[in-house]
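Colleague: I would like a close look at one part of this model, its salt bridges. Which residues pair up, and how buried or exposed are the partners?

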Amino acid sequence: MVLVERAAPPDRADAERLIAAYHASEGLKPRPDRISWTVDQVLRNRFPGVLLVAREKRAVVGVALAVYQPSAALRRVLVPNDLFVAPAGPPQGAAPPLPP
């Protein structure tokens, strides 16, 4: 079973690793300095947002980074910027498959 929860400082290295893997999977060159800065800002509550990790047993297998942005209609909206699940292993049925 996969558990999704707010990231804590001990999750930092895994979160940064998965965000870098996400960037690489999209054909981007990961920028460790930018990734580290962003994760740090959210973990220290210096930027309005949330960093979530998905755990399978004790291993971090997914990450989601979302930030709040102002909205004239809704006041503020939580917008996901980085969302990635490690591709290792067979699907576990935690969510329906994405269409191709």
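Modeller: A salt bridge here is a side-chain nitrogen of Lys or Arg within 4 Å of a carboxyl oxygen of Asp or Glu. The model is a predicted one, and by this rule it has seven salt bridges.

Take R55 and E5 to begin with. Their closest N and O atoms are 2.5 Å apart, and the two form a salt bridge. R55 belongs to strand β2 (residues 49–56) and E5 to strand β1 (residues 2–6), so this pair ties together parts that are 50 residues apart in sequence. The cut-off for buried is under 20% relative accessible area. R55 has 15% relative accessibility and therefore counts as buried. Its partner E5, at 29%, counts as partly exposed.

Another pair is R44 with D40, where the salt bridge has its closest N and O atoms 2.6 Å apart. Here the arginine R44 is exposed, with a relative accessible area of 52%, whereas D40 is buried at 12% relative accessibility. Neither residue stands apart from other pairs: salt bridges with shared partners join R12, E16, D40 and R44 into one network.

The pair of D33 and R31 also counts as a salt bridge, with 3.8 Å between the closest N and O atoms; the cut-off is 4 Å. D33 is partly exposed at 48% relative accessibility. R31 is partly exposed as well, its relative accessible area being 37%.

Methods
Residues are numbered from 1 along each chain as its sequence is written. This is a predicted model: local features need pLDDT of at least 70, side-chain atom pairs count only at pLDDT 80 or more; totals for chains, interfaces and linings use all residues. Side-chain values use heavy atoms; hydrogens and water are left out. Helices (H or I, at least four residues) and strands (E, at least two) are DSSP runs, numbered from the N terminus. Buried means under 20% relative accessible area, exposed over 50%, partly exposed in between (1.4 Å probe, protein chains only).
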